Structures are given as C-alpha cells and as structure tokens.
Amino acid sequence: MNKFIFQVVIEKDSEGYFASCPALQGCYTQGDSYEEVLFNIEDAIRLHIEDRLDEEEPIPAIQSVSLAAVEVTV
C-alpha cells in the first residue's frame, strides 16, 4: 500500500464544515462536525487517489500551500 500526505483546507460556516484538498481538483466534502468533515475528506481523497491509480494517472506531488488573510473594502 502507498501512503500519501495531502494538505486540506477546512472551513466552518453557519451550516457546518466544508473541506477541500487543493492538490486534487474537485476533491471536496462537507460535514456537520469537524470530526465528520475530517473523516469525509480522508475518504474523498482515498477514493480520488484509487481512481487515479486505476486509470494510471499521475498522483500530484505535494506543493506548498500558503494561507493568508486579506482585507477587502467594498
């Protein structure tokens, strides 16, 4: 079995949690709690990687992700 490490982004709003994996385009999920969304994104990543391996597609290399806060005036 192969092991992969991917960075994920987890956001909370009034309806729960949302998680995405920036390295895997379209790999995202949601959950009612932090624990649930973390479990769900691990499952989504696993399924995404399994599909890529089945299709003999490359697995993206880990790239640096920067998290920054910006102030916007509208």
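These questions and answers go through a predicted model, from its sheet to a patch on its surface.

Visitor: In what order do the 3 strands of the open sheet stand?
Guide: The pairing in this open sheet is antiparallel. E1 (9-13) and E3 (28-31) stand at the edges, each with a single partner strand, so one side of each lacks a neighbour in the sheet. The order is E1-E2-E3.

Visitor: Which residue of E2 is the bridge partner of isoleucine 10?
Guide: E1 pairs with E2, residues 16-20, in the antiparallel sense over 5 bridges. In E2, the partner of isoleucine 10 is alanine 19.

Visitor: What angle does the direction of helix H1 make with that of E3?
Guide: Neighbouring strands of the sheet are turned against each other by 20° on average, direction ignored. Helix H1, residues 34-54, packs on this sheet and touches E1, E2 and E3. Its direction and that of E3 make an angle of about 155°.

Visitor: Which residue of E3 is the bridge partner of tyrosine 17?
Guide: E2 and E3 pair in the antiparallel sense over 4 bridges. E3 has an uncovered face with Tyr28 and Gln30, and a covered face with Thr29 and Gly31. The bridge partner of tyrosine 17 in E3 is glycine 31.

Visitor: Is valine 72 buried or exposed?
Guide: Valine 72 lies in the segment after H1. Together with Val70 and Val74, Val72 forms a nonpolar surface patch with about 410 Å² of accessible area. Exposed means over 50% relative accessible area. The relative accessibility of valine 72 is 63%, so this residue counts as exposed.

Definitions and conventions
Residues numbered from 1 in each chain as written. Predicted model: local features only at pLDDT ≥ 70, side-chain atom pairs only at ≥ 80, totals over all residues. Heavy atoms only, no water. Pairing = 2+ DSSP bridges. Helix = DSSP H or I, 4+ residues; strand = E, 2+ residues; numbered from the N terminus. Axes fitted to C-alpha atoms, helices over the stretch in contact; angles between N-to-C directions. Contact = heavy atoms within 4.5 Å. Patch = residues over 30% accessible without salt bridge, like charges linked within 9 Å, V, L, I, M, F, W, Y side chains within 5 Å. Areas by Shrake-Rupley, 256 points an atom, 1.4 Å probe, with all protein chains shown as cover. Salt bridge = Lys/Arg side-chain N within 4 Å of Asp/Glu carboxyl O. Buried < 20%, exposed > 50% of the residue type's maximum accessible area, 1.4 Å probe, protein only.
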